[in-house]
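Hello,

Here is the structure I said I would pass on. My notes on it follow below.

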Amino acid sequence: MGCGKSSTGRMLASLLQFKFVDTDDWIEKKAGKRISEIFATEGEPAFRKLESDVVRELEGLQRCVISTGGGLIVNPENLESLKKHAMVFCLWASPETLYERVKNQNHRPLLNDPDPARKIRTLLEARTPAYRNADVLVSTERRSLREVAQHIANHFRAVNRHHAS
């Protein structure tokens, strides 16, 4: 959270002329309620189940940039599903940078914690092994959204040129 996945994803989709899908938006439409409500009324396990359902629904999409929630690829089945049809880029930043980016946002249920900075560090520590299984890790530290999107687009094009030859 706070890496710029959705904003970068939209920009990347525009650069590549692909469709853009945000799994959190998809879940909210499917459930008919905000993610914070799902967490509050049904709990995190119910939300994670909805994430997995959405990942399966997206398997047939092509020419699409998919922005996922930060915890989605922690489930190895979700990551495996995405890797079947997509190149997986993981955006990352330091816990301090992430905290600075999200500290004034109140729509993030995982930050409903007495010490949100500590919670971010704990989440990152727990998720780092899963994040390292992405195809490409991309730092968003001291980079604009445009720089990150352009970097990913260049990498994607280079890999696809290589595979096409």
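A residue counts as buried here if its relative accessible area is under 20%. By that cut-off, 41% of the 165 residues of the chain are buried. Please keep in mind that this is a predicted model.

Overall dimensions: the C-alpha trace spans about 55 × 35 × 25 Å along its principal axes. The radius of gyration is 16 Å, which agrees with the value near 15 Å for a compact globule of 165 residues. As for contacts in the chain between residues at least 6 apart in sequence, 69% of them join residues at least 24 apart.

Secondary structure: the chain has eight helices and four strands. Read from the N terminus, the order of elements is α-β-α-α-α-β-α-β-α-α-β-α.

One helix pair I looked at in detail is H6 with H7. Helix H6 covers residues 95-102 and helix H7 covers residues 116-131; the two pack with their axes 9 Å apart, at an angle of about 130 degrees. An angle between 115 and 145 degrees falls in the oblique class, so H6 is oblique to H7. The crossing of the two helices is right-handed.

On the H6 side, the contact is made by Pro95, Leu98, Tyr99 and Val102. H7 contributes Pro116, Ala117, Ile120, Arg121 and Leu124. Sorted by class, the contact of H6 with H7 holds eight nonpolar residues and one charged residue, with no polar ones. Arg counts as charged, so the charged residue in this contact is Arg121 of H7.

Regards

Technical notes. Residues are numbered from 1 along each chain as its sequence is written. This is a predicted model: local features need pLDDT of at least 70, side-chain atom pairs count only at pLDDT 80 or more; totals for chains, interfaces and linings use all residues. Side-chain values use heavy atoms; hydrogens and water are left out. Axes are lines fitted to C-alpha atoms, for helices over the stretch in contact, and angles run from 0 to 180 degrees between N-to-C directions. Angles under 35 degrees count as roughly parallel, over 145 as roughly antiparallel, 65 to 115 as roughly perpendicular and the rest as oblique. A crossing is left-handed if the near helix is turned anticlockwise from the far one by less than a right angle, and right-handed if clockwise. Contact means heavy atoms within 4.5 Å. The radius of gyration is taken over C-alpha atoms; the globule rule is 2.2 Å times the number of residues to the power 0.38. Buried means under 20% relative accessible area, exposed over 50%, partly exposed in between (1.4 Å probe, protein chains only).
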